[in-house]
Amino acid sequence: MVGASMLMTANAHTTSLTQAPEGYKMVWNDEFDNAANLTNNWIAMDWPAGRVNKELQTYKPGDRSYTDRDGVDRKTIEIKDGKLLINLFEGKDGKIYSGRIDSRDTTANHNGHAAWRYGYMESRIKLPSGKGTWPAYWMMPDRGKKSDEGWPTCGEIDIMEEVGNDPNVCVSSLHAIGHYHVNNTQVSNKKPIDNMEGGWVTYALLWDNDSISMYADGQRILTYPNDHNGHVNWPYDRPYYITLNLAYGGGWGGAAGIQDQLKPCTMEVDYVRVYQKTPESLNTDGTGTAYIQGAWNAVAIDGIVPSETFSGSTDNFIPMANDNKLLSKTFTVGKNLHKDRVGFVIRPAADTGNAFRPDGGNFNVRMEENDLLTMNGDGWITLKPGASLTDGDKLVLVLDCSAGTDKAVLRVSK
């Protein structure tokens with residue numbers, strides 16, 4: 001999280017958006033109702049001051065109280081009246097205390113994080129005021145990406161940041177190796193938003209394979225297009241988890257100084273909601289969308305995504321485009337098809353075990369003879385023995401549904 005510097009825009013997403021777009025459904029949320037403490041939806045940090053951005057606060061979970069300089073016992077994180085409270089205060093011991101939490105899902109294959117690739121993320125937040133405060137609602141990539149690639153190569157999505165030295169100004173930013181503040185290429189924009197400090201404002205992210213847009217109370221703050229040239233400018237093709245925190249001081253929060261004596265303040269959160277687009281399915285008449293599921297991450301929407309990016313079998317479904325009952329997908333070897341991992345299956349819908357098969361069943365498919373691929377009885381498509389692909393080769397798959405799905409033909413060409 002750093003300050004704003006450069007803006008790149010596109011018109012891929014609407015300039016005004018006040019709710020999840022049509023076709024999206026809620027897949028994860030926390031309303032902070034009927035709970036006395038932080039739920040299992042979150043992981044609370046226990047970090048010393050100065051760990052990131054030279055910030056002054058010590059992050060502590062909300063499982064105990066700390067006495068502030070006035071003798072009042074306070075928690076860094078608590079839930080009251082259906083709201084999440086992240087409290088910032090100076091302790092009797094002279095330390096600055098606050099809270100930072102990450103979205104959590106112990107059932108997912110994401111190092112315990114609840115993380116998503118693409119979707120509409122929304123949170124209603126009331127910010128504190130005060131010189132040196134630095135609240136944020138943002139996202140980082142899951143699993144080993146931060147340690148394997150390092151920042152900013154791994155990517156970062158900042159939906160909302162605000163510093164008390166520039167009150168009621170919403171800053172939205174993206175960080176990647178191709179655009180970040182050190183070389184003055186950061187993708188960022190800011191806009192005054194009424195009543196951010198002391199009032200409720202809804203902040204949202206709309207994120208798909210073509211564009212990222214961020215909003216505050218329906219007003220678009222930033223839009224950034226995918227150049228479809230790989231990881232340098234678009235590391236935003238893997239699951240990201242949500243972080244909420246209230247920092248104090250640091251490289252940006254304290255750039256114009258801090259309070260002589262910190263007054264206790266609070267960042268309040270009404271809810272956090274995550275929506276994802278409901279995938280279409282292939283209809284029995286051959287219209288709709290078919291999906292390619294890759295083995296060992298054989299396929300990716302953009303870029304060669306390491307296998308740990310995907311959350312098992314339910315996360316790597318790549319849609320095939322529909323054009324007059326022709327469902328097609330073009331792969332570029334070395335970009336969205338890994339030459340050493342060619343193995344995938346075509347299914348009539350995402351998140352289903354029903355694959356197209358060479359014979360039998362409702363979703364039959366026949367694959368014409370070619371020099372490269374073969375399909376087994378379970379519908380898995382792999383390279384023929386002795387066949388090879390090199391980087392840059394184009395591989396086109398076309399599912400012909402013009403005669404109905406029971407007579408579909410899969411054509412493969414290089």
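This is a short tour of a predicted model, moving from one buried aspartate to the aromatic rings.

Residues are numbered from 1 along each chain as its sequence is written. Local features need pLDDT of at least 70 and side-chain atom pairs count only at pLDDT 80 or more, while totals for chains, interfaces and linings use all residues, and side-chain values use heavy atoms, with hydrogens and water left out.

Select Asp-270 to begin, and find it in strand β20, residues 265-277 (strands are DSSP runs of E, at least two residues, numbered from the N terminus). Asp-270 counts as buried because its relative accessibility is 15%, buried being under 20% relative accessible area with a 1.4 Å probe and protein chains only. Now add Arg-124, whose side chain is joined to that of Asp-270 by a polar contact of 2.8 Å (a pair of N or O atoms within 3.5 Å; within protein, one must be able to donate a hydrogen and the other to accept it, and residues adjacent in sequence count only if both atoms are side-chain atoms).

Next, show the aromatic side chains, which make 15 aromatic pairs in the structure. The rings of Trp-28 and Trp-42 have centres 5.4 Å apart and planes at 80°, so this pair is edge-to-face (ring centres of Phe, Tyr and Trp, the last by its six-membered ring, pair within 6.5 Å; planes under 30 degrees apart count as stacked, over 60 as edge-to-face and the rest as tilted). Adding Phe-32 brings in a stacked pair with Trp-42, with centres 6.2 Å apart and planes at 20°, and both Phe-32 and Trp-42 are buried.

Note on methods. Helices (H or I, at least four residues) and strands (E, at least two) are DSSP runs, numbered from the N terminus. Buried means under 20% relative accessible area, exposed over 50%, partly exposed in between (1.4 Å probe, protein chains only).
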